[in-house]
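Here's a quick look at one pocket and one helix pair. Have the structure open as you read.

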Amino acid sequence: MISPGAVAPLLVGQPVFGLPFDLARLQRRGPVIVVFLGGLSGASALENVQRLTAIWPRVDAEAGGMVGITRSPLEAARDFVPRHHVLFPVLCDESGQHTGAWGVGRAGGLAALLLRARPDLLRRAVSVVRTGQPMPEANPDQLPAAFVVGADGVVRYSWYGAGPSALVDGEALWAAVGS
């Protein structure tokens with residue numbers, strides 16, 4: 001786990017849409033919000049995107065930027081991002097390289113066992129209800145997390161969700177940007 005005061009790991013990649021992302025480049029403008037969304041087929045991912053979208057205009061105008069990261073397959077992200085009008089870059093981390101580097105884990109216990117054990121037919125039906133179409137999901141037990149990285153590359157704020165349905169506090173992120 002990464003705590004405030006630690007140096008942020010390297011974060012570069014090609015977003016689902018847009019120009020290549022480089023955390024170090026954005027830091028030159030100011031603090032950057034880094035959010036691990038979890039699986040995109042879950043209801044909490046959509047709620048977290050809505051919370052982040054609420055603070056996006058302020059982040060875009062007054063800070064370095066924001067990036068969302070998911071372990072969902074690229075196919076799912078290419079549907080999710082335009083469908084839900086996600087304005088900030090979203091990186092797919094199918095290999096788990098970034099989630100591992102940032103110390104973001106997977107759910108454990110009985111709830112995680114049930115998430116992984118759901119039959120494919122049930123998963124597809126839940127996805128249709130939530131997103132309008134069946135989306136492939138490889139990591140439904142991925143935990144959400146959020147960080148604010150200062151212009152100096154040091155983590156100012158870190159939050160790790162206790163379960164896959166945990167919700168990020170957008171206002172707390174914005175407050176950490178201004179601190």
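In the classes used here, Ala, Val, Leu, Ile, Met, Phe, Trp, Tyr, Cys and Pro count as nonpolar, Asp, Glu, Lys and Arg as charged, and the others, Gly among them, as polar. This is a predicted model, where local features need pLDDT of at least 70, side-chain atom pairs count only at pLDDT 80 or more, and totals for chains, interfaces and linings use all residues. Residues are numbered from 1 along each chain as its sequence is written, and side-chain values use heavy atoms, leaving out hydrogens and water.

Here's how two sets of residues split by class:

| Set | Nonpolar | Polar | Charged |
|---|---|---|---|
| Lining of the largest pocket | 14 residues | three residues | three residues |
| Contact of α2 with α7 | five residues | one residue | four residues |

Contact means heavy atoms within 4.5 Å. On the α2 side, Arg51, Leu52, Ile55, Arg58, Val59 and Glu62 take part, meeting Gly170, Glu171, Leu173 and Trp174 of α7. The axes (lines fitted to C-alpha atoms, for helices over the stretch in contact, with angles from 0 to 180 degrees between N-to-C directions) of α2 and α7 (residues 170–178) come within 9 Å and cross at roughly 15°. That makes the two helices, α2 and α7, roughly parallel (angles under 35 degrees).

Notes: Helix = DSSP H or I, 4+ residues; strand = E, 2+ residues; numbered from the N terminus. Parallel < 35°, antiparallel > 145°, perpendicular 65-115°, else oblique.
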